[in-house]
Amino acid sequence: MPAETSQTLDRGLRLLSLLAAAPDGLTVTEAAGALDVPRTVAYRLVSTLEQHALVRRDGRGRLHVGLGVLHLASAVQPVLRDLAGPVLRSLAEAVGCTAHLTVAEGEEGLALAVVEPSWTDFHVGYRVGSRHPLGQGAAGRAVLLGRDRDPERPAWCTTAGELQAGARGLAAPVLDVDGIEASVGIVTLGDLDADRVGPRVVDAAHEVAERLRSA
């Protein structure tokens, strides 16, 4: 027997998903059509979500995701760090490079978790909270790779000196986790044996994805 659910809550969550996927926003009429509900129902949903700052209207009256969603998202970040931490630790110790988890926020990558190897004399310092465009650096490029999957392309991205002079990065996308675009990567100075390190990074990204899906 299926579990009982709240139809109103389901519609509200679907509305937020629709708005998140609509960069130009939606009108109330468009939202009602997408939800297949009367305009009056859509209006009540919008009004309720507006009261909680989860929906906002722009100058044209079009609906967008509200800033209140950021407060909810910030509460998820410690969970992501806790789940990814042991995987990053294993990766950093195995390859002797600084390992990191990067998540996409708009068109930027945010370094959410960083683990440095304990046994190396020198390694790259990478600050939690660092941001950079998704098109710059291995971590961001890996997120874009996850958006546009092609079996003919490599499973990871490599870069040299894009974010820090002399640093080399390699990252792989974290795939098939609802609501999250992310990558797992490493950064090091000097030579980087991508054929050796790449598969380890891909395996770590897969393990992080499995942990997030089962959380």
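# Helix packing and a buried serine

Tutor: Helix 1 and helix 3 are roughly perpendicular to each other (65 to 115 degrees; under 35 counts as roughly parallel, over 145 as roughly antiparallel and the rest as oblique). This is a predicted model, in which local features need pLDDT of at least 70 and side-chain atom pairs pLDDT 80 or more, while totals for chains, interfaces and linings use all residues. Residues are numbered from 1 along each chain as its sequence is written, and side-chain values use heavy atoms, without hydrogens and water.

Student: At what angle do helix 1 and helix 3 pack?

Tutor: Helices (H or I, at least four residues) and strands (E, at least two) are DSSP runs numbered from the N terminus. Axes are lines fitted to C-alpha atoms, for helices over the stretch in contact, and angles run from 0 to 180 degrees between N-to-C directions. Helix 1 (residues 7-20) and helix 3 (residues 39-51) have axes 10 Å apart and pack at an angle of about 75°.

Student: Which residues of helix 3 make the contact with helix 1?

Tutor: Contact means heavy atoms within 4.5 Å. Helix 1 contributes Thr8, Arg11, Gly12, Leu15 and Leu16. The partners from helix 3 are Val41, Leu45, Val46 and Leu49.

Student: Which span does UniProt list for "domain: HTH iclR-type"?

Tutor: The name comes from an unreviewed UniProt entry, and such annotations may be inferred rather than shown by experiment. In the model the listed span is 56% helix and 10% strand, and its end C-alpha atoms lie 24 Å apart. The record gives residues 6-67.

Student: Is Ser183 buried or exposed?

Tutor: Ser183 lies in strand 8 (residues 182-189). Buried means under 20% relative accessible area, exposed over 50% and partly exposed in between (1.4 Å probe, protein chains only). Because its relative accessibility is 0%, Ser183 counts as buried.

Student: Which residue has the backbone oxygen that the side chain of Ser183 reaches?

Tutor: Not counting residues up to four places away in sequence, Ser183 touches ten listed residues, among them His100, Thr102, Ala142 and Pro173. At 2.9 Å, its side chain reaches the backbone oxygen of Ala139.

Student: How many of the 10 residues of helix 5 are buried?

Tutor: The buried residues of helix 5 (residues 138-147) include Ala139 and Ala142. They pack against strand 3 (98-105), strand 5 (131-133), strand 6 (157-160), strand 7 (167-174) and strand 8. Helix 5 is largely enclosed by the rest of the structure, because the number buried is 7.

Definitions and conventions: A polar contact is a pair of N or O atoms within 3.5 Å; within protein, one must be able to donate a hydrogen and the other to accept it, and residues adjacent in sequence count only if both atoms are side-chain atoms.
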